[in-house]
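Thanks for making the time this morning; I would like to take you through one chain, and I will go slowly. Please have the sequence and the model on your screens as we begin.

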Amino acid sequence: MASAKDEKKAMGKAEGDQFEFSLEEMGVEDINKRILTEQSSEIKSIEKDLTQINEMFKDMRHIVEEATPQLDAVEEKVSGTKAATEEGTVTLMQTMRAVIMARWKKLLIAAIILALIIVVAIIVAIIVVSNT
């Protein structure tokens, strides 16, 4: 009959999710094979990750290459809009000056007409007073 100690050795002792076996039970070759298998698996995983990263960079480059002409067109339109806005601002300022000058001219003409009416009224009043 197997003792409890022999059963424990045969099953391994549990620590976390892994089983640990003594070097005598597994043998050095088994350990080396297991290490090489794990390393190979990790290398394949890293290789897969690097391939995915490479694909992502290729996709990003493709997206940038496709978007560049559109971004250039937007930049040109923005520059054109800026120039047109500046030109419109200058034109608006010139128009405002012209409107202000036209108002002053109207006021000046109205003042001259009013002055002429007053002068004519004074002359008429003087003639009327001198005739009476």
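**A patch, a bridge and a bend**

Let me start at the surface of what is a predicted model, where Ile46, Leu50, Ile53, Met56 and Phe57 together form a nonpolar patch whose accessible area comes to about 530 Å². One of these residues, Ile53, lies in helix H3, and with a relative accessibility of 36% Ile53 counts as partly exposed, because that value falls between the 20% limit for buried and the 50% limit for exposed.

Now to the chain as a whole, which has three helices and two strands, arranged from the N terminus in the order α-β-β-α-α. Of its 132 residues, 2% are buried, and the chain exposes about 12300 Å², with carbon and sulfur atoms supplying 66% of that area.

Helix H3 covers residues 28-131, and it is worth asking how far apart its end C-alpha atoms are. They are 147 Å apart, whereas 104 residues at 1.5 Å a residue should span 154 Å, so the two figures agree. There is nonetheless a bend in H3, of about 35° at Thr68, and a proline, Pro69, follows within four residues.

Staying in H3, which residues form the one salt bridge that the structure holds? The partners are Glu65 and Arg61, whose closest N and O atoms are 3.8 Å apart, and that pair meets the criterion because the cut-off is 4 Å. Both residues lie in H3, four residues apart, which is about one turn of the helix. As for their surroundings, Arg61 is exposed, because its relative accessible area of 52% is over 50%, while Glu65, at 49%, counts as partly exposed, because it does not pass that limit.

Lastly, I turn to an annotation, which should be read with some care: an unreviewed UniProt entry lists residues 107-129 as "transmembrane region". In the model this span is 100% helix and 0% strand, and its end C-alpha atoms lie 32 Å apart.

That is where I will stop, and I am happy to go back to any of these residues on the screen.

Conventions:
Residues are numbered from 1 along each chain as its sequence is written. This is a predicted model: local features need pLDDT of at least 70, side-chain atom pairs count only at pLDDT 80 or more; totals for chains, interfaces and linings use all residues. Side-chain values use heavy atoms; hydrogens and water are left out. A salt bridge is a side-chain nitrogen of Lys or Arg within 4 Å of a carboxyl oxygen of Asp or Glu. Buried means under 20% relative accessible area, exposed over 50%, partly exposed in between (1.4 Å probe, protein chains only). UniProt positions are given in the numbering used here, feature names are shortened, and annotations may be inferred rather than shown by experiment. The expected span of a helix is 1.5 Å times one less than its number of residues. The bend at a residue is the angle between axes fitted to the seven residues ending there and the seven starting there. Patches are made of residues with over 30% relative accessible area and no salt bridge: like charges are joined within 9 Å, nonpolar side chains (Val, Leu, Ile, Met, Phe, Trp, Tyr) within 5 Å. Accessible areas come from the Shrake-Rupley method with a 1.4 Å probe; for residues, only the protein chains shown count as cover.
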